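Q: Please zoom in on one part of this model for me, the aromatic packing and what sits around it. I'd like a connected tour, with the cut-offs spelled out as you go.

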Amino acid sequence: LIHAEQVETAAILAAIVRNAANFHKTELSGKNVGIVGLSPAMCGLAELLRRMGAAKTYGIDTESSAASRFEKEGGIATSLDFALERCDFIVVGPQTPVLIDGKRLNESQIVLSFTQQTLDGQAGESSLERYHYCQEPHPIYAAPGLMASVFRYGIDRIGSEVSQRIAEVLVERCGENRFLPLPSESLIQAQIQALAPL
């Protein structure tokens, strides 16, 4: 059984965060990340970011059960205000109704919003350059390579290691001026190869 959100969607989101860091010539390693909206995909993202070197992942959600689950999985539940003060990256999940006060952003923070119209008020020019509205992750970036690998190699355990390998392929093949590579046959083959030793 493959949980699409926790495996493929989380891998795509993690690749976007890493590629955004590369685009802005910074590292993810050692940085704090605020995760807004604690869906299964965003919880999977938090786990992958910690595996990729993020120092801490802070989770923000109005549902106390989601925050509790996030903490059980190794994150720290907190408020949006705290995350805006302490986090180097803020990631707003798909379909997450939230407003971020542009005046609260600092010029070194990178914000990736998978929900449109989350910026409230006027942000400084340097903050606006680091605030990105992103398309909701599409399975085309991960599902074909993942499914082909399952059929070819009989992978029987689909989890965070598989997700991390898919994310790394999306990072390695990405150009400097975009957050994801174009879907292609060569991308699928690279993912199959990355999953071969499992």
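A: Here's the tour, starting with a ring pair and moving outwards.

Keep in mind that this is a predicted model, where local features need pLDDT of at least 70, side-chain atom pairs count only at pLDDT 80 or more, and totals for chains, interfaces and linings use all residues. Numbering starts from 1 along each chain as its sequence is written, and side-chain values use heavy atoms, with hydrogens and water left out.

There are 3 aromatic pairs in the structure; Phe, Tyr and Trp rings (six-membered ring for Trp) pair with centres within 6.5 Å, and planes under 30 degrees apart are stacked, over 60 edge-to-face, the rest tilted. Let's take Phe23 with Phe179: the ring centres sit 5.7 Å apart and the planes meet at 85°, so this pair is edge-to-face. Phe23 belongs to helix 1 (residues 4-23) and Phe179 to the loop between helix 7 and helix 8 (185-195), so the two rings tie together parts that are 156 residues apart in sequence. Helices (H or I, at least four residues) and strands (E, at least two) are DSSP runs, numbered from the N terminus.

How buried or exposed are the two rings? Phe179 is buried, at 16% relative accessible area, while Phe23 is partly exposed, at 35%. Buried means under 20% relative accessible area, exposed over 50%, partly exposed in between, with a 1.4 Å probe and protein chains only.

Next door is His132, which you'll find in strand 8. His132 is buried too, with a relative accessible area of 15%. Leaving out residues up to four places away in sequence, His132 touches both Phe23 and Phe179, plus His24, Val111, Leu112 and Ser113; contact means heavy atoms within 4.5 Å.

Back up a little along the chain and you reach Glu129, in the loop between helix 5 (125-128) and strand 8 (131-133). Unlike His132, which is buried, Glu129 is exposed, with a relative accessible area of 54%. Glu129 and Tyr141 are 12 residues apart in sequence, yet their C-alpha atoms are 26 Å apart.

Asn106 is another loop residue, this one between strand 5 (100-101) and strand 6 (110-113). Asn106 is partly exposed, at 29% relative accessibility. Setting aside neighbours within four places in sequence, Asn106 contacts Leu84 and Ser127. The C-alpha atoms of Asn106 and Ala123 are 9.0 Å apart, for residues that are 17 apart along the chain.

Now return to Phe179, whose loop leads on to helix 8. Helix 8 has Leu187, Ala190, Gln191, Ile192 and Leu195 as its buried residues. Their cover includes helix 6 (143-153) and helix 7.

To finish, look at helix 3 (residues 64-72), where Ala66, Ala67 and Phe70 are buried. Down the helix 3 axis, these residues fall within an arc of 100°, so they line one face of the helix; the arc is that of the directions from the helix axis to the C-beta atoms. They pack against strand 1 (32-36), helix 2, strand 2 (56-60) and strand 3 (76-77). On the face turned away from that buried side, helix 3 carries the exposed residues Ser64, Ser65 and Lys72. After helix 3 comes Gly74, with a positive phi near 105°.
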